[in-house]
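The following paragraphs walk through a model, beginning with the packing of its helices and going on to selected residues in loops and to the cysteines.

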Amino acid sequence: MTHITVHVDGTTYEDEVEPRLLLVHYLRDRLGLTGTPIGCDTSNCGTCTVDLDGATVKSCSVLAVQADGGEVTTVQGLAKDGEWTALQRAFHEQHGLQCGYCTPGMLMAARDLLRENPHPGSDEVRQALKGNLCRCTGYQNIVRAVLAASGPQASEEATA
């Protein structure tokens, strides 16, 4: 067992974990943060995307011990005091989800894009989301949602 300290969605956790435990399983099974789904376990689908120390990662390809001392933000940590971000609102308003399974990963990848490029074009949005698979929507409404969220308020929220 290995001792880790991880800051997740603003809360600090200290645990003893198996060195081979994946971050996605730590988040879901140990911390109860089930908003990060397990999709493929091969890092192909992107549903398990989280932010680790300012970069998006697929949590099925990161060990929990690699997050030791790190700052993790999951989809559950996006809303502040129950208030959705502009990006979350845009996904809702633009119907950027159908079954919703890919939505956590899409939100996290889109958040990363808007942090780097507050006003992307549709090609840039598609490029940024290419590592996240959706089997329901055809992506059009997801792209619209990200574009709708790419305003001054979204830029401020993405960096917060």
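This is a predicted model. A starting point is the pair formed by helix 2, residues 86-93, and helix 3, residues 103-116, whose axes come within 10 Å and cross at roughly 130 degrees. That angle makes helix 2 oblique to helix 3, since an angle has to be over 145 degrees to count as roughly antiparallel. The crossing of the two helices is right-handed. On the helix 2 side the contact is made by Leu87, Gln88 and Phe91, and on the helix 3 side by Thr103, Met106, Leu107, Ala110, Arg111 and Leu114. Sorted by class, the residues of this contact are six nonpolar, two polar and one charged.

Helix 2 also packs against helix 5, residues 140-149, with the axes 8 Å apart and at an angle of about 140 degrees. Helix 2 and helix 5 are therefore oblique to each other as well. Here too the crossing is right-handed. Ala86, Leu87, Ala90 and Phe91 in helix 2 are in contact with Ile142, Ala145, Val146, Ala148 and Ala149 in helix 5. The class count for this contact is nine nonpolar residues, with no polar and no charged ones.

Leu87 and Phe91 of helix 2 thus appear in the contact with helix 3 and again in the contact with helix 5. How are the residues of helix 2 placed with respect to solvent, buried or exposed? Ala86, Leu87, Gln88, Ala90 and Phe91 are buried.

The third pairing is that of helix 3 with helix 5. Their axes come within 11 Å and cross at roughly 40 degrees, which makes helix 3 oblique to helix 5. To count as roughly parallel, the angle would have to be under 35 degrees. Helix 3 passes helix 5 in a right-handed crossing. Met106, Ala110, Leu113 and Leu114 in helix 3 meet Ile142, Val146 and Ala149 in helix 5. These residues divide into seven nonpolar, no polar and no charged. Met106, Ala110 and Leu114 of helix 3 also belong to the contact with helix 2, and Ile142, Val146 and Ala149 of helix 5 likewise take part in the contact with helix 2.

Gln88 deserves a separate look. This residue sits in helix 2 and belongs to the contact with helix 3. Gln88 counts as buried because its relative accessible area is 11%, under the limit of 20%. With neighbours within four places in sequence left aside, Gln88 is in contact with Val75, Leu78, Ala79 and Leu107. Of these partners, Leu107 is in helix 3.

The backbone on either side of helix 2 has residues with positive phi. Asp81, in the loop between strand 5 (71-73) and helix 2, has phi near 55 degrees, a positive value in a residue other than glycine. Asp81 is exposed, with a relative accessible area of 82%. Just after helix 2, His95 takes a positive phi of about 55 degrees. Elsewhere in the chain, Asp53 has a positive phi of about 50 degrees although it is not a glycine. Asp53 is placed in the loop between strand 3 and strand 4 (55-58), and its relative accessible area of 53% makes it exposed.

Another loop residue is Ser43, between helix 1 (23-30) and strand 3 (49-52). Ser43 is partly exposed, with a relative accessible area of 27%. Not counting residues up to four places away in sequence, Ser43 touches Lys58, Cys60 and Ser61. The C-alpha atoms of Ser43 and Asn132 are separated by 9.3 Å, while the two residues are 89 positions apart along the chain.

Cys60, a partner of Ser43, leads to the cysteines. How many disulfides does the model contain? With sulfur atoms required to be within 2.5 Å, the count comes to zero. Cys48 is in no disulfide, and the nearest cysteine sulfur, that of Cys60, is 3.8 Å away. Cys48 is buried, with a relative accessible area of 3%. For Cys136, the closest cysteine sulfur is in Cys99, at 3.7 Å, too far for a bond. Cys136 is partly exposed, with a relative accessible area of 36%.

Methods: Residues numbered from 1 in each chain as written. Predicted model: local features only at pLDDT ≥ 70, side-chain atom pairs only at ≥ 80, totals over all residues. Heavy atoms only, no water. Axes fitted to C-alpha atoms, helices over the stretch in contact; angles between N-to-C directions. Helix = DSSP H or I, 4+ residues; strand = E, 2+ residues; numbered from the N terminus. Parallel < 35°, antiparallel > 145°, perpendicular 65-115°, else oblique. Left-handed = near helix turned anticlockwise from the far one by under 90°. Contact = heavy atoms within 4.5 Å. Nonpolar A, V, L, I, M, F, W, Y, C, P; charged D, E, K, R; others polar. Buried < 20%, exposed > 50% of the residue type's maximum accessible area, 1.4 Å probe, protein only.
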